[in-house]
Amino acid sequence: MKDIFFNLSVRSVRLNFMRSLLASIGIVIGVVAISSMGMLGTNMQLQVKDQLSSGADTIVISADAVRMGPTGSSSSSSSSATGITKTQLNKIKLAVGTTNKLVPIYSTNTQFTLASTPGRSTVYGLNPDDITKFLTISNGTNIEGINDALVGSTFATNFNLKIGNRIRIGKDTDASRPVLRIVGILAPRGMSSDNVNTDNAIIVSDDWYTNQYGGKDIYRQVNVIVKDISTIPDVESVIDAKLNTNPKTPVVRISDASSRLSGITSSLSSITTFILAIGGISLLVAATSIFNVMMMSVNERIQEIGILLSIGTEKGEVRRMFLYEAVILGILGAGIGGISSLVIGYSVVSYMIGTTKYFFLPESIMYIPMGMTIGLVVCIISGLYPAWKASNMDPIDALRSE
Amino acid sequence: MIDTPLIRFADVSKVYHLESGDFTALDHISLEIEDNEFIAIMGPSGSGKSTMMNQLGILDVPTSGELFISGRDVAKMTALERTHMRRDTIGYIFQNFYLIPLLSAYENVEYPLILKYKKRDESGKASAMLKAVGFDEAMSAHRPTQLSGGQQQRVAIARALVNDPKILLCDEPTGNLDRKTGFQIMDILCGLHSEGKTVIIVTHDPKIAEYANRTITLEDGRIAA
């Protein structure tokens, strides 16, 4: 059945089309703001999550730099501030067993000169056999000779490096400045969750590293690459039990991608909430404009309301008529807003994040119906008071008004 | 069985509390109106005619005394019951026609039927009623602003009659019409009276009052004659 009150509302909106449309544009802006901001935040989270989850199977063990261990205690129970000791490494080996891979890693920062250009980057010292356990060489070969080195993809691009190029390590003032020969270039890794960010780094063999920098068997970190991700908590607790014998003074810090991931995603989700709130403010402005239009509609139609009430229209029916009007404005605004969100959101995500591969995932696209619903609800709430006011008018006063 | 009048004012007063002091619009009115009477209410401006019409149309309730319509004390009815009585028992015809501007002539007449039956009219009653007041189908599609004063008042009469009310309240129904059209409207009202309706008409015009069987003259809120 076509409801006559709905008909009246449609005609009223049509009669004041421009005013209604302008009020709806407020809702459109609000819906677009909420949807686009929400989608932008979610796409950002999804991308970061994806990038970080490349090291999801890795447990990172590093020395607890804050706690040096009790003075005079043996190195087996406490770490020096510089890294994981050989004794600790052996304990880790025992704890993780043979199914999981162990990668001890040296690392430091260094200056270097490439041709005549000076630079600074991270140097990772790795057993050449460990390199292929978690890194991909996209071009060239693995380290074979003592002076061989690999470089990250960004590093290679920035310096326009080719296989066979040479890097001179150390400051200009250093007495000895060894030369490394680039034998391979690594595939891009992005921001990796295993604390090994190779894109801008130089990778050398562990022997070369300890010859150059000393500190043999004192590793910056030890990565454990587990075979089965679900065993991470168990492996971690075994390592913890073996190394951190005194829970009050832990000597190593054990972390994995999930704990770091949750930290980063929770920060990103806070940012998303914040930008959503900014979008929400625009809806608040829209609500005021809808309220204003509804009040205008009620005030212009006082006499009509008087007629309706005097010939036997129930209060609820008058209320319904004005609520329909709010719903029509809401549907108009939310509808246009939804379509605009799709277009604008897609453009914003594509421009800001550089990829739209997460855009149509449910957790991202759901912001459009969510934004539309919020827009519609805001409209209805804005129409509540005007509708209540209309239905509670005194018919005699309403009829008298001009 | 005791024959109860259709309308009974029992010592009804209506007092408005204004900033300048209390104003008594109706002062201890007692009056009975029987079924199928044709009554004219006359009196100068401010005599209480409109207040009396508002009481009869149950748009307002007495400050003191009792008003019975169809045997029911209106002051004891709920707001919803009063709304339903306005819809079902009373047909209101106004000086300014008061048609709903957003609806066509047909929809204006159909409107009370929708209020009562909660659905669009399929019985043809609205069309029949418009036909009875001299409206054809083409004219029925017009909005009130596209109609002359006389045409609008005919639509208003059709709207007032469509739910078959017992009482027709007419507040200066010819006040905004030329003399000829005014008499045409009065002829329609006379016809309705002869069909059994109770017609109560407020007018300034003695010629119009002549149509009535009984004239009630108000002065300062009291019945003068």
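In this predicted model, strand β5 of chain A, spanning residues 148-151, is covered on both of its faces. A:Asp148 and A:Leu150 point to one side and A:Ala149 and A:Val151 to the other, and all four are buried. The neighbours of this strand in chain A run in opposite senses. On the one hand, β5(A) pairs in the parallel sense with strand β7 (residues 179-186) of chain A, through 4 bridges; here A:Val151 has A:Ile185 as its bridge partner. On the other hand, strand β8 (residues 202-205) of chain A is joined to β5(A) by 3 bridges in the antiparallel sense, and in β8(A) the residue opposite A:Val151 is A:Ile202. A:Val151 thus has a partner in β7(A) as well as one in β8(A).

Elsewhere in chain A, A:Asn292 belongs to helix α8, which covers residues 257-300. This residue counts as partly exposed because 15 C-beta neighbours lie inside 10 Å, where 20 or more would be needed for a buried residue and 12 or fewer for an exposed one. A:Asn292 and A:Ala201 are 91 residues apart along the chain, and their C-alpha atoms are separated by 61 Å.

Turning to chain B, an open sheet of 6 strands with mixed pairing follows the order β6-β7-β8-β3-β9-β10. Its edges are formed by β6 (90-93) and β10 (222-223) of chain B; each has a single partner strand, so one side of each is left without a neighbour in the sheet. Further in, strand β3 (residues 38-42) of chain B runs parallel to strand β9 (residues 214-219) of chain B, with 4 bridges between them. Within this pair, B:Met42 stands opposite B:Thr217 of β9(B). The sheet also carries a helix: α7 (residues 179-194) of chain B packs on it and touches β3, β7 (167-171) and β8 (198-202) of chain B. The direction of α7 makes about 150° with that of β8(B).

Chain B holds a further open sheet, made of 4 strands in the order β2-β1-β4-β5 with antiparallel pairing. At its edges lie β2 (21-33) and β5 (72-73) of chain B, each of which pairs on one side only. The antiparallel pairing of β2(B) with strand β1 (residues 7-18) of chain B extends over 9 bridges, and B:Leu18 is matched with B:Gly21 in β2(B) as its bridge partner. A helix accompanies these strands too: α1 (residues 49-56) of chain B lies across β1, β2 and β4 (64-69) of chain B, and runs at about 120° to β1(B).

Key
Residues numbered from 1 in each chain as written. Chains lettered and ligands numbered in written order. Predicted model: local features only at pLDDT ≥ 70, side-chain atom pairs only at ≥ 80, totals over all residues. Helix = DSSP H or I, 4+ residues; strand = E, 2+ residues; numbered from the N terminus. Pairing = 2+ DSSP bridges. Contact = placed C-beta atoms within 7 Å. Axes fitted to C-alpha atoms, helices over the stretch in contact; angles between N-to-C directions.
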